[in-house]
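Student: I have a model open and would like to know how its labels are earned. Could we go through them one at a time?
Tutor: Happily; let's put each value beside its cut-off.

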Amino acid sequence: MSMWTNFFVQQDEEGHTGIAGSGPPGGLGGMKVGRGHRRTHKMSDSLEGKIKLAFFLAIVGVTLTVLGMGTEFWAELAQPKNFSGNQTCQMAHYGLWKGCVRTLWVADVDPARMSCGPAELPGESNCTFFKFFTSGENAVIFKKTTHNTLNLAAAILALLSLTLMAMGSICIAMALSKGVAFFLKPASFCFILSGVLVLLSILVFHQSVLALLSSDHSVPVHHRLSWSVACVGSAGAILILGGLLFIVLSLPFSPWEKCLPHKNTAT
């Protein structure tokens, strides 16, 4: 009798049975209790809070990416302010999807500035969407021709990054709703890869700007990358950082305890 009592007590300590059922050993009562008990690995409140903070950081990166992709201030091209010889000068700014040519008053331009601009000055603006997305035609800005292959590559990389951001956000939402940390690893992969694609999109776009400038040298043009690129570049770094944080949170142990173990002060 004591042998069976020890057996049921041991089974109860291991979590396989809750209460030893009355009846013969191996009866239906004990089997039902053993099958009805399931182990669940729910994340702790502390881990859930850390995941929400890392997700907030990733959402900031997604917001900056959407802001940068939706604006046409990736690159600014400005003619010398006295190039036309009249009271106006021209400059252009464009992004992934469209470009704008602005006509500004020379009197409004800073006297210390040699080129026309900046784009925030009041003036007439003529904006058009690029036709290489529809008919494949290149755009001409100040007699300089764009290279549709590089522009299309930069746009495709940016769209792929947005798709991965959406997939990563879905994984984090499922992890928080289900209370399991299984979805953190695929989410980290999506956010890190999306950040890398965003940075690659900037590099390809910069190459397209250089190719545009080298297509014709008859019109002198000053160029610079504008604030939309700064938004997208910051977003890429933030997304990579958020993905690395999700990797750390998905580990079964605390990396801080492994790197900085607590000293045992017990005697």
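Student: Why is Glu48 called partly exposed?
Tutor: This is a predicted model, and in it Glu48 has a relative accessible area of 23%. Buried means under 20% and exposed means over 50%, so Glu48, at 23%, falls in between and is partly exposed.

Student: What makes the contact between Lys52 and Glu48 a salt bridge?
Tutor: The N to O distance between the two side chains is 3.6 Å. The rule asks for a Lys or Arg nitrogen within 4 Å of a carboxyl oxygen of Asp or Glu, so the pair Lys52 and Glu48 qualifies. Both residues belong to helix 3 (residues 45-70), where they are four residues apart, about one turn of the helix. Lys52 is partly exposed too, because its relative accessible area of 45% lies between the two cut-offs.

Student: How many salt bridges does this rule give?
Tutor: The count is two. Besides the pair in helix 3, Glu76 and Arg224 meet through their side chains at 3.2 Å, N to O.

Student: Why can the pair of Glu76 and Arg224 be said to tie together parts that are apart in sequence?
Tutor: Glu76 sits in strand 1 (residues 75-78) and Arg224 in strand 7 (residues 222-225), so the salt bridge links parts that are 148 residues apart in sequence.

Student: What makes Glu76 count as buried?
Tutor: Its relative accessibility is 4%, and buried means under 20%, so Glu76 is buried. Its partner Arg224 has 41%; that value is between 20% and 50%, so Arg224 counts as partly exposed.

Student: What makes the loop between strand 5 and strand 6 worth a stop, starting with the phi of Phe142?
Tutor: Phe142 lies in that loop, and its phi is near 55°, a positive value in a residue other than glycine. Most residues other than glycine have a negative phi. Lys143 is in the loop between strand 5 and strand 6 as well, with a positive phi near 65°.

Student: Are Phe142 and Lys143 buried or exposed, and how do you know?
Tutor: Phe142 has a relative accessible area of 11%, which is under 20%, so Phe142 is buried. Lys143 has 58%, which is over 50%, so Lys143 is exposed.

Student: Where is there a cis peptide bond, and what is its omega?
Tutor: The bond joins Gly117 and Pro118, with omega about 5°. Pro118 is located in the loop between strand 3 and strand 4. Most peptide bonds are trans.

Student: Which residues make a nonpolar patch on the surface?
Tutor: Phe189, Leu193, Val196, Leu200 and Leu203 do, and together they have about 440 Å² of accessible area. Take Leu200, in helix 5 (residues 184-214). A patch residue needs over 30% relative accessible area, and Leu200 has 36%, so Leu200 passes that cut-off while counting as partly exposed.

Student: Which residues are closest to the centre of the second largest pocket?
Tutor: The pocket has a volume of about 240 Å³. Of its 16 lining residues, Gly99, Thr128, Ala139, Val140 and Ile141 are the closest to the centre. Strand 2 (88-94), strand 3 (98-105), strand 4 (123-129) and strand 5 (140-141) each give at least two residues to the lining. By class, the lining has nine nonpolar, five polar and two charged residues.

Student: Why is Ala175 called buried?
Tutor: Its relative accessible area is 0%, under the 20% limit, so Ala175 is buried. Ala175 is in helix 4 (residues 148-178). Its C-alpha is 9.1 Å from that of Ile51, although the two residues are 124 residues apart in sequence.

Student: How many helices and strands does the chain have, and what share of residues is buried?
Tutor: The chain has seven helices and seven strands. Of its 267 residues, 36% count as buried.

Conventions:
Residues are numbered from 1 along each chain as its sequence is written. This is a predicted model: local features need pLDDT of at least 70, side-chain atom pairs count only at pLDDT 80 or more; totals for chains, interfaces and linings use all residues. Side-chain values use heavy atoms; hydrogens and water are left out. Patches are made of residues with over 30% relative accessible area and no salt bridge: like charges are joined within 9 Å, nonpolar side chains (Val, Leu, Ile, Met, Phe, Trp, Tyr) within 5 Å. Accessible areas come from the Shrake-Rupley method with a 1.4 Å probe; for residues, only the protein chains shown count as cover. Buried means under 20% relative accessible area, exposed over 50%, partly exposed in between (1.4 Å probe, protein chains only). On a 1 Å grid over the protein atoms alone, a cavity is a set of points where a 1.4 Å probe fits but cannot get out, and a pocket is an open set with protein on both sides within 12 Å along at least five of seven lines; lining residues have an atom within 4 Å of a point. Grid points are joined across faces, edges and corners, and a volume is the space filled by probe spheres set on the points. Ala, Val, Leu, Ile, Met, Phe, Trp, Tyr, Cys and Pro count as nonpolar, Asp, Glu, Lys and Arg as charged, and the others, Gly among them, as polar.
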